[in-house]
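Biologist: Hi! Could you pull up that model so we can talk it through together?
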Amino acid sequence: ALEVRAEIRSATNAVLREIGNLVASPEIKKLSQDLVTALAEPTNQKHTQDVLARMGNQTFMSLIDAASLSLLMPIVVRGLREREPASKKWSAQIFGSTSQLVQNVDFIKPYLPMVAPMLEQALFDPVSEVKREAAKTFGVMEQVLPEYSQRKLLPWLFGKLRTGEQGEQMGAALALAETLLKMDKDLAASFTGELQAGATDSHWPVRRGFLELMDTMPQAMKMDFVPYIESLFPAMLMGITGDKDQNEDPGHRAALALVQRFGDLCPHSLLDGFEGAYCCLLQNDSPEEAARNSVTREKTVVLLGKVAEKILEHKKFGQDLLTTEDCSNKATRERVLLLIFLARYDGDASVKRVANGLWKTAGGAPKVQKAIMPSMTKFLQRLRSGERGPAAQKLALEVIDQLVKSGDMDALEGEVPEVKRWSFPPSLDRAPEGILAALVVH
């Protein structure tokens with residue numbers, strides 16, 4: 001269409017119009033003349049943007065044939081190359097929609113070498129809407145062309161997640177969350193151990209990338225993320241840095257988003273993570289580690305309080321956390337109270353202050369303390385045994401001593417065993433060798 005000679009331009013336009021006449025898809029046929037005009041005048045950005053906008057607002061009700069794709073794809077490619085964010089967003093959206101509606105997925109394959117690199121770059125676009133739409137296309141690729149997705153796209157995405165700059169990691173995390181959502185559920189679940197290993201990696205850049213993924217997964221997967229909570233929530237808590245800049249603390253951002261979404265839907269799935277993280281963070285081998293762990297412990301207790309608040313959103317007049325029967329079950333609500341009660345004896349003043357505030361919010365009157373004391377006794381016995389490490393054991397002994405002195409608890413018999421430092425979270429099974437090697441964290 002850029003040809004100088006009029007006769008060649010005329011012949012090219014005639015070919016394009018003929019292709020438009022061959023289109024079988026009713027929605028594309030309706031737009032075929034606009035598509036031909038945009039193709040015939042590639043330097044006119046307005047034509048491209050107008051037709052992309054019309055296609056972006058079009059609801060496709062029928063399958064798309066090869067002739068339709070031959071008109072659509074050059075416009076999509078042009079839109080992805082433009083600087084205008086709306087054009088890139090519509091192009092990514094259209095590519096994803098058409099990939100799901102083609103009569104034969106093989107029709108898409110010839111366009112992938114050209115389109116895939118531009119979609120990859122769109123993940124790093126400063127405009128969030130462009131990033132989101134580009135990320136969704138990676139999920140579509142996993143859905144319609146899983147072999148291509150797992151062979152070509154996932155290695156690149158996980159490479160960026162591990163070694164990319166922070167903005168690249170965030171874009172890769174968005175795309176991976178969409179991919180995991182559309183991946184075969186058994187296959188995706190088998191790599192939970194790899195995701196946890198990445199989120200607890202000793203190198204901060206790697207850890208940051210996988211924590212970004214943990215932030216995006218619940219948002220993309222919604223209730224489909226529930227099976228992952230017990231495995232991945234502990235890594236989020238242990239990944240909290242306490243940095244005031246949320247962009248620099250993806251662990252806290254991920255944990256907060258998870259609590260806000262699932263705090264009252266399945267609080268029981270969160271409590272092992274809270275207990276384990278809190279007890280592990282009581283340990284330290286240096287003043288620097290002690291200071292760092294105190295900040296993380298405070299953030300963790302604040303998050304536990306948000307779970308309590310989510311449960312209390314369901315309370316009726318006169319109810320407290322223990323008696324809010326419309327949310328979860330008594331054992332779960334009681335366990336939340338046990339963890340808050342324990343944190344009230346924390347050696348750090350900030351943690352103690354937060355816990356005391358939560359205890360009042362939860363309705364921690366003397367009658368509540370009396371009601372949970374049988375369970376509290378069992379809980380403290382467990383910690384006294386060293387099950388959660390020496391620091392939790394020491395704190396349990398202090399709490400027991402205070403409760404015995406106040407007459408709220410009988411002294412416990414038996415020697416206090418010596419225990420070693422406790423590691424948390426426990427390592428999960430790693431992915432089998434040779435299966436989707438791109439996901440394996442080295």
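What follows is a chat about the fold, the core, one helix, a serine and the cysteines.

Modeller: Happy to. Keep in mind that this is a predicted model.

Biologist: Sure. How many helices and strands are there in the chain?

Modeller: The chain has 20 helices and 0 strands.

Biologist: And how much of the chain is buried?

Modeller: Buried residues are 52% of the 442 residues. As for the surface, the chain exposes about 20500 Å², and 51% of that comes from carbon and sulfur atoms.

Biologist: What share of the contacts with a separation of 6 or more is between residues 24 or more positions apart?

Modeller: Those pairs account for 69% of such contacts in the chain.

Biologist: Let's go inside. Which residues touch the most other members of the largest nonpolar core?

Modeller: That core has 128 residues, and M217, F225, F233 and F274 touch the most other members.

Biologist: Take F225. What does F225 touch, leaving out residues up to four places away in sequence?

Modeller: F225 touches M217, P218, L232, M236, L258 and F262. M217 is also one of the residues just named for touching the most other core members.

Biologist: New topic: helix α6. Which of its residues are buried?

Modeller: Helix α6 covers residues 112-122, and its buried residues are L112, V115, A116, M118, L119, E120 and A122.

Biologist: What do they pack against?

Modeller: The buried residues of α6 pack against α4 (66-81), α5 (85-101), α7 (128-144) and α8 (146-163).

Biologist: Nice, there's a serine I like in α5, S99. Is S99 buried or exposed?

Modeller: S99 is buried, because its relative accessible area is 2%, under the 20% cut-off.

Biologist: What does its side chain reach?

Modeller: The S99 side chain reaches the backbone oxygen of F95 at 2.7 Å. Leaving out residues up to four places away in sequence, S99 touches I108, V140, M141 and V144.

Biologist: On to the cysteines. How many disulfides does a search of the whole structure find?

Modeller: The search finds 0 disulfides. C279, for one, is in no disulfide, and the nearest cysteine sulfur, in C280, is 8.8 Å away.

Biologist: Is C279 buried or exposed?

Modeller: C279 is buried, with a relative accessible area of 1%.

Biologist: And why is C327 not bonded to C266?

Modeller: The closest cysteine sulfur to that of C327 is in C266, but it is 9.9 Å away, so it is too far for a bond. A disulfide needs the two sulfur atoms within 2.5 Å. C327 counts as buried too, at 1% relative accessibility.

Biologist: Great, thanks for the tour!

Definitions and conventions
Residues are numbered from 1 along each chain as its sequence is written. This is a predicted model: local features need pLDDT of at least 70, side-chain atom pairs count only at pLDDT 80 or more; totals for chains, interfaces and linings use all residues. Side-chain values use heavy atoms; hydrogens and water are left out. Buried means under 20% relative accessible area, exposed over 50%, partly exposed in between (1.4 Å probe, protein chains only). Helices (H or I, at least four residues) and strands (E, at least two) are DSSP runs, numbered from the N terminus. Contact means heavy atoms within 4.5 Å. Accessible areas come from the Shrake-Rupley method with a 1.4 Å probe; for residues, only the protein chains shown count as cover. A nonpolar core is a set of buried Ala, Val, Leu, Ile, Met, Phe, Trp, Tyr and Cys residues joined through side-chain atoms within 4.5 Å. A polar contact is a pair of N or O atoms within 3.5 Å; within protein, one must be able to donate a hydrogen and the other to accept it, and residues adjacent in sequence count only if both atoms are side-chain atoms.
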